[in-house]
Structures are given as structure tokens and as C-alpha cells.
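Hi there,

I am passing along the structure we talked about, so please have a look when you get a chance. My notes follow just below it.

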Amino acid sequence: MAENTVTTNDRSFSDLIGGETPVLVDFWAEWCGPCKMMERPLDELAGEKAGQLTVAKLNVDDNPETAMTYEVMSIPTMILFQGGQEKKRFVGARSKGQLETELSDYIG
């Protein structure tokens with residue numbers, strides 16, 4: 001598993017997203033090919049933006065309550081939270097460059 005991302009679950013999710021530092025949550029599953037493709041770009045982004053952005057992974061099979069609460073219908077879905085509020089959502093695999101562009105309003 002990635003070394004720069006954190007793992008979250010139904011119990012810890014609210015605490016994780018509640019701070020002022022933006023948190024990008026990757027909703028994924030073990031069986032999902034495009035989700036596996038996102039591991040490296042997300043881990044690299046987490047390492048490069050440490051202190052500016054937290055990247056977290058939430059397995060939807062193991063944590064269905066949070067996935068249902070945020071109406072995650074397809075995976076991978078990535079949702080950016082800040083101060084406990086959803087700021088941006090995107091669905092489907094992306095390159096690291098695409099992620100940086102889509103997150104540029106929230107991270108330096």
C-alpha cells in the first residue's frame with residue numbers, strides 16, 4: 001500500500017475531514033482496476049503536498065455507511081473536503097497532472 005496516504009473508515013471519517021487542511025478522499029475497492037491505477041498518482045501527490053493536503057483512502061466494501069452518506073455510486077470517486085464540507089468531486093481515474101490541475105484552487 002502507499003506510504004504517503006492515510007486509511008480512513010466509517011468511524012474515523014468525520015474527524016479526518018473536519019480540519020482546515022484540505023483532505024482528498026479516494027473512495028475505492030480492492031477489485032476495482034481503475035482504483036488500483038490511482039494508487040501511485042495519489043501517493044505521489046500526498047508526498048509532494050504534505051502539510052498542504054492530506055490524501056486518504058476509504059474502501060467502500062469495508063465502509064459502506066460513509067460511501068452511502070456521500071452518495072458514491074461509481075469508483076474511483078475522489079472528494080475534496082475542507083472544514084468538513086465537500087468542495088470538489090470527481091469520478092474516474094486521472095493522472096497526477098490532472099489531479100494537480102483540478103485541485104489547484106485548494107492547494108499551492
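Here is what turned up, starting with the sheet and then moving to the helices and one residue.

Please keep in mind that this is a predicted model. Its five strands make an open, mixed sheet, ordered 1-3-2-4-5. Strand 1 (6-7) and strand 5 (85-91) are the edges: each has a single partner strand, so one side of each lacks a neighbour in the sheet. Helix 4 (residues 96-103) packs on this sheet and touches strand 2 (23-28), strand 4 (77-82) and strand 5. The direction of helix 4 makes about 150 degrees with that of strand 5. Back at the other edge, strand 1 runs parallel to its partner, strand 3 (residues 54-59), and the two are joined over two bridges. Val6 sits opposite Ala56 of strand 3.

Helix 2 (residues 33-48) has a kink of about 30 degrees at Glu39, shortly before the proline Pro41. Pro41 is itself buried, as are Cys35, Met38, Leu42, Asp43, Leu45 and Ala46 in this helix. The buried residues of helix 2 pack against strand 2, strand 3, strand 4 and helix 4.

In strand 2 you will find Phe27. Is Phe27 buried or exposed? Its relative accessible area is 0%, and because buried means under 20%, Phe27 counts as buried. Beyond its neighbours within four places in sequence, Phe27 has contacts that include Phe13, Leu58, Val60, Ala67, Val72, Ile75 and Ile79. Phe27 and Gln82 lie 55 residues apart in sequence, with 16 Å between their C-alpha atoms.

Happy to chat about any of this.

Best wishes

Technical notes:
Residues numbered from 1 in each chain as written. Predicted model: local features only at pLDDT ≥ 70, side-chain atom pairs only at ≥ 80, totals over all residues. Heavy atoms only, no water. Pairing = 2+ DSSP bridges. Helix = DSSP H or I, 4+ residues; strand = E, 2+ residues; numbered from the N terminus. Contact = heavy atoms within 4.5 Å. Axes fitted to C-alpha atoms, helices over the stretch in contact; angles between N-to-C directions. Bend = angle between axes of the 7 residues up to and from the residue. Buried < 20%, exposed > 50% of the residue type's maximum accessible area, 1.4 Å probe, protein only.
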